[in-house]
Each structure stands twice: as C-alpha cells, then as structure tokens.
Amino acid sequence: ILKGKTAIVTGSNSGIGLGVAEELARAGADIVLNSFTDRPEDHALAARIGSNFGIKARYIAADMSRGDACRALVERAGGCDILVNNAGIQFVAPVDEFPAEKWDQIIAINLSSAFHTSAAALPFMRQRGWGRIVNIASAHGLTASPFKSAYIAAKHGVVGLSKTVALETAGQGITCNAICPGYVLTPLVEAQIPDQMKVHNMDRETVIREVMLQRQPSRQFATTEQIGGTTLFLCSPAADQITGTTISVDGGWTAL
Ligand code: NAD
C-alpha cells in the first residue's frame, strides 16, 4: 500500500526504528535509514533491506542532536511522504543531580529533532498533498517515573508538538500522531536481562515479569514489529482522519 512513497525513519540502525523501517519497506515504501554513525555496516543494512523487500533503501548519516543536521537529512533525502521521528536516548538521575549537558542533549535528540525534521518535511508533503508524521513518544509521554526528568519532559513535549502540527496541517492530506510504547523488547533491553537476572537472583521469566515489566499489566513486552505495524496503520487509508492524537502500545500501562 506504500508503493511510490518515501519514508525517513530517524535513529533506525537498531531497535524500534529498524523494526518500523522494515514494516514500511514490507508495505512497499522506499526507505531512508538514519543514525549519527557513518559505518560500512550502516550502509550494508540499507542495502540488505532494499534487496529483502525489493524497494529503494538508503542510509543517510545525520546527528539528530543538531538542528541543521536534522534539516539537512530531509533535504538530502529529497523530502519524504512519511516521516518517523524515532531517534532517542535516555539518562537516569534525580533532578537536582541531573547533568545540565545531558538535559540539553536529551531535549535536542528526543524533542527538538522532531521539530526540525517536521519543519523541513512539511513543504514537500504540502506540495504532494499527502503526508504522514509519526512521532515515537513513550508511555513516558503520558505518565511519569522518578529520575527520568529530561526524557519525560521531552516525550510529553513530543505529544504536544504532534497535536500542534496536526492542527496546522488538518484538511491538507497530512496527519501527525504520536505512538506511545511501553516496554519494547529491543536488543538493548534484551542485553539487560542477564544482568537483571544476576542482580535479583531470578530466572529469565521471573525477572521479566516481576522486575522489568512491573508497570506493564500484560507482563509482556511489546515488539518492534508491533510498533512498525502501528506506524503502518497510521499510514493506511483507515487512519486518514486520525490526527493529533496518541496511540498507546503499552500492555495497559497507562490504563492503571
Ligand atoms: P535504540 O537505542 O535501539 O535506538 C535508538 C536509535 O536512535 C538508534 O538507532 C541510535 O543509533 C539512534 N540515535 C541515538 N542518538 C542519535 C543521534 N544523535 N542522531 C541520530 N540517531 C541517534 O533504542 P529504542 O528502544 O529502539 O528506542 C527508539 C525510540 O523509541 C526512542 O525514541 C525511545 O525513547 C523510544 N521508546 C523505546 C522504548 C523501549 O522500551 N525500548 C519504549 C518507549 C519508547
């Protein structure tokens, strides 16, 4: 259903971004992968996705902590029909001990990048009379937890930005929404499981249920494929009138 469309997915050489890129490629979209590195394996990943799904795929390096680089990414891609703002980092510390440079970096990558890429992409979308902006926020865009002030402020900001962009584009064939995942099983999360098993002296199943997924009522991780599938839904005709809202994929976290 996405044949002839081009999708830029920021922060897509691993985890959720990669899962989203693969689901959009499976649906026929041409893909622009991105991260801040510029390694042969980044470009090889794009080549692999291109040949696996029979679409055009490119990797464009750009540091999403810099506004000019965010805008240059969109320009170098020649604009896009679908923009998925996914790049994000985390840092954990109490507010009064939170390093100011970490705060600035998280706000830049997790929030301001979505402002810059959207600003750069919208003229292209308006020209074509069609566009989808999907911002990967978090359950932490709707609720809080201690020690994650910058991340939570940024993700709440992303939800607000999504609503504003939706209002400014309403009726123009363009939608803007935020997906709010709970805990998603990415390679990064997978890698934490052995450590958590050791620290809590629990087996894999117990540490996942009782420690890691304590706040997720389903006690099951969401998957990167499910976040990709939700993104694809937002790009489908069924979602033409869905704009300025959030979709939680969190096993019931925000219902608590
Ligand atoms: P990840 O670390 O696997 O992916 C983050 C991606 O962003 C990577 O591709 C990384 O290279 C890229 N990135 C980091 N800094 C960048 C920069 N300066 N410029 C460009 N790219 C950069 O983590 P993930 O879990 O896949 O997270 C993806 C998004 O999903 C993030 O925004 C995160 O906040 C959000 N999220 C994750 C979870 C989860 O449980 N994993 C839950 C809710 C929301």
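## Exercises on a parallel sheet and its helices

In the protein chain, 73% of the contacts between residues at least 6 apart in sequence join residues at least 24 apart. Keep in mind that this is a predicted model.

**Exercise 1.** Work out whether the radius of gyration of the protein chain agrees with that of a compact globule.

*Solution.* Start with the chain length, 256 residues. For that length, a compact globule would have a radius of gyration near 18 Å. The protein chain has 18 Å, so the two agree. To round off the picture, the C-alpha trace spans about 55 × 40 × 35 Å along its principal axes, and 45% of the 256 residues count as buried.

**Exercise 2.** Find the order of the strands in the sheet and name its edge strands.

*Solution.* Begin with the inventory: the protein chain has 8 helices and 7 strands. Next, trace the open sheet formed by 7 strands, which runs β3-β2-β1-β4-β5-β6-β7 with parallel pairing. The edges are β3 (57-59) and β7 (246-249), each pairing on one side only. On average, neighbouring strands are turned by 15 degrees against each other, direction ignored.

Now zoom in on one pair. Strands β4 (residues 82-85) and β5 (residues 131-136) pair in the parallel sense over 4 bridges. Val84 has Val134 in β5 as its bridge partner.

**Exercise 3.** Which strands do helices α2 and α5 touch, and at what angles do they lie?

*Solution.* Take helix α2 (residues 40-53): this helix packs on the sheet against β2 (30-33) and β3, with its direction at about 170 degrees to that of β3. Then turn to helix α5 (residues 149-169), which touches β5, β6 (174-181) and β7. The direction of α5 makes about 165 degrees with that of β6.

Technical notes: Residues numbered from 1 in each chain as written. Predicted model: local features only at pLDDT ≥ 70, side-chain atom pairs only at ≥ 80, totals over all residues. Pairing = 2+ DSSP bridges. Helix = DSSP H or I, 4+ residues; strand = E, 2+ residues; numbered from the N terminus. Axes fitted to C-alpha atoms, helices over the stretch in contact; angles between N-to-C directions. Contact = placed C-beta atoms within 7 Å. Rg over C-alpha atoms; globule rule 2.2 N^0.38 Å. Buried ≥ 20, exposed ≤ 12 C-beta atoms within 10 Å, placed from the backbone.
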